[in-house]
Amino acid sequence: MSPVKKSIRTQLAAHYAVIKNIHIRDLFIQDTHRGKNYSRHLCGLNIDYSKNIISAETLSLLVAWAIASNVEESTRAMFAGEKINVSEDRAVLHTALRSKRDQYLKIDNIDVIAQVHAELDKMEQLVISIHDKSHRGWTNKSIDTFVNIGIGGSDLGAKMVVDALVDYRLGETRSFFISNIDYQVIESLQKTINPETTLFLISSKSFHTIETITNATTLIAWMQQLGCNDLHKHFFAITKNRDAATEFGIKPDNIFSLWNWVGGRFSLWSAVGLPIALAIGFDNFKGLLTGARAVDEHFLQTPLENNIPVILALIDYWYADFFDAQTHAFIPYDESLKLFPDYLSQLFMESNGKSVDLHGHFIEHKTMPVTWGSTGLNSQHAYAQLLHQGTHLVPIDFLVPLTTTGNRKHHEILLANCLAQSRALMQGATHTDPNQHCVGNRPSTTILYSALTPHTLGALIALYEHRTFVQGLLWQINAFDQWGVELGKKLAVELYQNLTGKKVAGDLDSSTQNLIELYTKSRQ
Ligand code: F6P
């Protein structure tokens, strides 16, 4: 660590020793305009970070840490297509996916923007042909059902957006997402859809993910058993590995391209987002892209002290490194965002759940906490007790719409509860009975948005993407590789051989050996 960074961390530690004894309540008393002074508006999002354990001095020291962590230079490098994913020697350009057509960016002498817009045009053509009913199935029926076959970044983002924007659905269509290998998922789908009117999207950047390929193979066989004599009318692929998709049997015209500079968990803006465009129409999909682009412009152009993704990432860093926060909860008071916590789990924990820095050195301090969450008010009847009176410090993001198209009374009760939770967690309540006493001083950030439109959702997702990137910079982590997931996949192939008797188990631990024997005995 450089002498400058050591000095800043020493100052942060000294500041922590003071502010940890100050109650957030007192910070509000000291600054009667704190609510407004620690709020920012960004692309339809009102971000209130005033109920955090921070002062002007805190933010000043944290911004100094951001500067010492080269946040501005690294941000410019990312947008410029430099290979900041150092362990895989790749650029990181999910921002290019929502670029304007007239922008220009070359990577390895290839015009990236032209590539992006060629795929967007191809996506638009498919969406149009489905909705104008010119694209028909093998029995000449029009398509009304979309099945995405993919997992991780090839599933979570698109599924979350399709679910969130249900009010923007185009026509009478339905979407399904098949990710797990558990056959129950396939059985349930087969009972639900009409194969003659269904389009299947095999979404896999590598086209090697065994659960995705197995699910696709099973569904192709099912279609053939039902008499489908033209699979090309029903199966498309989204992948970087065009050769593998072609070898699998997908015709070239039915393959949408990805590139190695698109990380899976950052890919919903690409053809991985085809389920979104099919569900809500291409104009609304472009609204999602435009919202994200607006946040990109804010992130790239705004000085650190007013840069929202940077501020939120700095507060995350402050809690992880100085308050030893082990987890962070995301609680949307919005059923439209019920899948958002799951999506954020991959975004945050697959990006920054690491212990080696950009230079291959082990990191001596804490990095990414565990992220979790679910919708409110249900949270209040499940784990709010721990949040209010537990022994863990759990920073929280609350997300809530200001308006509703539904019942006003229901919405006002929902909003009142969301605001009450953040106030109660901050304020606490003194009581002579220790069982009823709430210390408070439990931090949260509240994000309010007027309504969850495609533009607003695009902005919200981009805000979290850039927050993830900046967290990585503050911990000097490469947020864009995921080597940790490979060992489990490798062992699964070996144990599959053992389970199916194709290979005698080698020197397994006695637990795994015993569990395999239980299975093989159950088969006898
Ligand atoms: O979880 C590991 C991972 O590689 C993710 O990064 C990725 O989104 C997912 O698996 C699926 O990979 P693919 O799109 O190559 O099937």
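User: How far apart do the C-alpha centres of domain 2 and domain 3 lie?

Analyst: In this predicted model, the protein is divided into domain 1 (3–68 + 318–475), domain 2 (94–285) and domain 3 (483–523). Taking the C-alpha centres of domain 2 and domain 3, the distance between them is 33 Å.

User: Which residues come nearest to the ligand?

Analyst: The ligand sits in the largest pocket, and the shell of residues around the ligand divides into 2 nonpolar, 9 polar and 3 charged. Of the 14 residues around the ligand, those that come nearest are Gly153, Ser154, Ser204, Ser206 and Thr209.

User: What share of the area that the ligand exposes when taken alone does the protein bury?

Analyst: Polar side-chain atoms approach oxygen atoms of the ligand, with one from Ser154 at 2.7 Å and one from Thr209 at 2.6 Å. In the side chain of Glu350, an N or O atom is likewise 2.7 Å from an oxygen atom of the ligand. Taken alone the ligand exposes 390 Å², and the share of this area that the protein buries is 86%.

User: How much space lies in the largest cavity?

Analyst: The count comes to 5 cavities when those of 30 Å³ or more are included. The largest cavity is lined by residues including Asp316, Tyr319, His328, Phe330, Met368 and Arg467. The space that lies in the largest cavity is about 60 Å³.

User: Which proline residues line the largest cavity?

Analyst: The lining of the largest cavity includes Ala320, Ala325, Thr327 and Gln471. Also named in that lining are two prolines, Pro369 and Pro395.

Definitions and conventions: Residues numbered from 1 in each chain as written. Predicted model: local features only at pLDDT ≥ 70, side-chain atom pairs only at ≥ 80, totals over all residues. Heavy atoms only, no water. Near = heavy atom within 4 Å. Polar contact = N/O pair within 3.5 Å; in protein donor to acceptor, adjacent residues only side chain to side chain. Areas by Shrake-Rupley, 256 points an atom, 1.4 Å probe, with all protein chains shown as cover. 1 Å grid on protein atoms, 1.4 Å probe; cavity = no way out; pocket = protein on both sides within 12 Å on 5 of 7 lines; lining within 4 Å. Sits in = over half its atoms within 2 Å of the grid points. Nonpolar A, V, L, I, M, F, W, Y, C, P; charged D, E, K, R; others polar. Domains from an automatic or database assignment. Points joined across faces, edges and corners; volume = space filled by probe spheres on them.
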